[in-house]
Amino acid sequence: MTCNTGPKNGFMTGTYHISTEDLRPSPQSELALYRQLYERFRAAIACGKLQPGDRVPSIRSLASELNLARGTVELAYQILSSEGYLVSHGAAGTLVSPELSGAVLSPPRPSAVAEPDSHPLTTSGAGLLQPGLPALDAFPHSSWTRLAGRNLRALHRTGLLSPDVAGYAPLRQALASYLAISRGIHCSAEQIFITAGYRGALDLICRTLLQPGDSGWFENPGYRFAREFLQHSGMQLHSVPVDQHGLVVEQGIEQHAGARFAVVTPTHQSPTGVTLSLARRLELLRWASQHQAWIIEDDYDSEFRYQGQPLPALKSLDHDDRVLYSGTFSKVLFPGLRLAYLVVPAALVSGFRASAGWLPGAGHMHLQATVADFMAQGHFARHLRRMRTLYAQRRQYLVSAIGEVFGKRLSVDPAAGGIHILARLPPQEDDRLLVRRAQKAGFALQALNDWRTEEAEAGGLIMGFTNIAGADAARALARQLLAATDSA
Ligand SMILES: Cc1ncc(COP(=O)(O)O)c(C=O)c1O
């Protein structure tokens, strides 16, 4: 309703300042007629067309004027009366409550929603060279939608009932088989918890095994979003450096031997891509056993390795049950799924189930059932095989193009695995500045120094390559990046 003060018309006379037309519900609206009538009265009261003490038409006359059922008007009046907008005065009829205050009469103004802080690491939609994304053009949409559609149509009991707190049982079963074959982890389905992304897994760990104020090692540089999540959960993080053999375990022990936990990305350190050496793996496990500390293994993209076989997970060497292992479907399927998983030691299953019981869980069973079918019917293994070959090729396109266009200014570790590359800059270059410039030109790459707890001398650019269509596209992107980063 517009709140103008134009001439009165219609049947309303005397104290009525409103025409019946102002109250007429719209047949096009999706709202029920009584609800529309209620809203129109409220709006008329709010903008002063109906004042406290004004008499409103009787139910019968308004119903007849608007050609509505009496029950419709009656229902609207009942709600307005129950909320205190209208009062009945017996034979005198129904009035707008004389006691309505100015605060009720003027509708609250919606407060302006603050623009979100521009976050240097996020983009809406896929940006150029965005790290962390799988190849969007190579996802097997038709198999996926066929399975998803079948699950939706079947709407079987699993999707209707309250789910198991640990997630969909056949998916956990499929994961147990997959982890044994591809990661060397031998666990039962009962030890697996499906979570809402990796942060869901961290949340479950924090709430089951840790207390706010507990201290832990965190790789420096390291996965920024996990660091922020743990800090927000009250954990005290100690930065432990990373070199060409991964986390410098010796330094962690020297400086923070008493920590309760360590978060590591042993297969491909995030973001440098290096592998934690066997000697350091054993040293880390020894420290955890001696100090009864927990190791959180984030195995986020181990499936993609371009030289030799993927290494078994750190968890596969864990004889004292100190490792909590987490994997995600964000890289191997797609990040919009928001599905990850956590493997916990058998002795901790009941404690984890207790916490999972009061947490929101990983969402609808239908998606979990679709992932389970995708794995059980062989689509998953096929997709991974295809993506390994494709990513090796696309990685090479980008590495060659960077070499051609940037020369010695950027250097990439040729051995690193995963689905992004880290191109290191010489010490005099400011990676954050270059990234800001590149973002203005549509790039979504990230600055190495944003993944560090303190700025180091040399920065770098973290870039995704999975969505580069070919060698020419890679060259064009590299040239575009050079032009964008060199622009003042
Ligand atoms: C280092 C690292 N760990 C874990 C994840 C997975 O996070 P999520 O399962 O929340 O998508 C990512 C995703 O980008 C990552 O880069």
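Start at the ligand: the residues of the shell around it divide into five nonpolar, six polar and two charged. You are looking at a predicted model, so treat each stop as a feature of that prediction.

**Stop 1: the ligand shell**

Select the 13 residues around the ligand; Gly-197, Ser-270, Tyr-300, Thr-328 and Ser-330 come nearest. Now colour helix H9, residues 197–209. With three residues, H9 gives the most to the shell around the ligand. Keep Ser-270 highlighted, as the tour returns to this residue at the next two stops.

**Stop 2: two cis peptide bonds**

In general, most peptide bonds are trans. Where are the cis ones on this tour? One joins Ser-270 and Pro-271, with omega about 15°. Ser-270 is also among the residues that come nearest to the ligand. Pro-271 sits in the loop between strand E8 (261–264) and helix H12 (278–291).

Next, select Asn-220 and Pro-221, which are joined by a cis peptide bond with omega about 5°. Pro-221 is found in the loop between strand E5 (215–220) and helix H10 (224–232).

**Stop 3: Gly-222**

Stay in that loop and pick Gly-222, which also lies between E5 and H10. Is Gly-222 buried or exposed? Gly-222 is buried, because 26 other C-beta atoms lie within 10 Å, and the cut-off for buried is 20 or more. Leaving aside residues up to four places away in sequence, Gly-222 touches Arg-227, Ser-270 and Trp-451. Show those three together with Gly-222, and you will meet Ser-270 again.

For a sense of distance, draw a line from the C-alpha of Gly-222 to the C-alpha of Gly-378: the two are 34 Å apart in space and 156 residues apart in sequence.

**Stop 4: the eight-stranded sheet**

Switch to a cartoon view and select the strands E4-E11-E10-E9-E8-E5-E6-E7. In that order they form an open sheet of eight strands with mixed pairing. Its edge strands are E4 (192–195) and E7 (246–247), each pairing on one side only.

Zoom in on E8 and E9, which run parallel and are joined by four bridges. For one bridge to inspect, select Val-263: its partner in E9 is Ile-296. Strands of a sheet pair through backbone hydrogen bonds, either parallel or antiparallel.

Now add two helices to the view. H10 lies across E5, strand E6 (236–243), E8 and E9, and runs at about 160° to E6. Helix H11 (residues 249–256) lies across E5, E6, E7 and E8, running at about 150° to E6.

**Stop 5: H11 against H12**

Keep H11 and add H12. How do these helices run relative to each other? Their axes come within 9 Å and cross at roughly 25°. Angles under 35 degrees count as roughly parallel, and H11 and H12 are therefore roughly parallel to each other. To see the contact, show the side chains of Val-249, Glu-250 and Ile-253 in H11, which meet Arg-280, Glu-283, Leu-284 and Trp-287 in H12. By class, this contact has four nonpolar, no polar and three charged residues.

**Stop 6: two residues with positive phi**

In general, most residues other than glycine have a negative phi. Two exceptions are worth a click. Gln-292 has a positive phi of about 50° and is not a glycine. Look for Gln-292 in the loop between H12 and strand E9 (294–298). Gln-292 counts as exposed because there are 9 C-beta neighbours inside 10 Å.

Then go to Arg-338, where phi is positive at about 55°, although this residue is not a glycine. Arg-338 lies in the loop between strand E10 (323–328) and strand E11 (340–343). With 18 C-beta neighbours inside 10 Å, Arg-338 counts as partly exposed.

**Stop 7: the four-stranded sheet**

Finish with E12-E13-E15-E14, an open sheet of four strands with antiparallel pairing. At its edges are E12 (411–412) and E14 (446–447), each of which pairs on one side only. E14 and strand E15 (residues 460–464) pair over two bridges; select Gln-446 and you will find its bridge partner, Ile-462, in E15. Last of all, show helix H15 (residues 379–406), which lies across E12, strand E13 (420–424) and E15 and runs at about 15° to E13.

Definitions and conventions
Residues are numbered from 1 along each chain as its sequence is written. This is a predicted model: local features need pLDDT of at least 70, side-chain atom pairs count only at pLDDT 80 or more; totals for chains, interfaces and linings use all residues. A residue is near a molecule or strand if its C-beta atom, placed from the backbone, lies within 6 Å of it. Ala, Val, Leu, Ile, Met, Phe, Trp, Tyr, Cys and Pro count as nonpolar, Asp, Glu, Lys and Arg as charged, and the others, Gly among them, as polar. A residue is buried if 20 or more other C-beta atoms lie within 10 Å of its own, exposed if 12 or fewer, and partly exposed in between; C-beta atoms are placed from the backbone. Two strands pair if DSSP finds at least two bridges between them. Two residues are in contact if their C-beta atoms, placed from the backbone, lie within 7 Å. Axes are lines fitted to C-alpha atoms, for helices over the stretch in contact, and angles run from 0 to 180 degrees between N-to-C directions. Angles under 35 degrees count as roughly parallel, over 145 as roughly antiparallel, 65 to 115 as roughly perpendicular and the rest as oblique.
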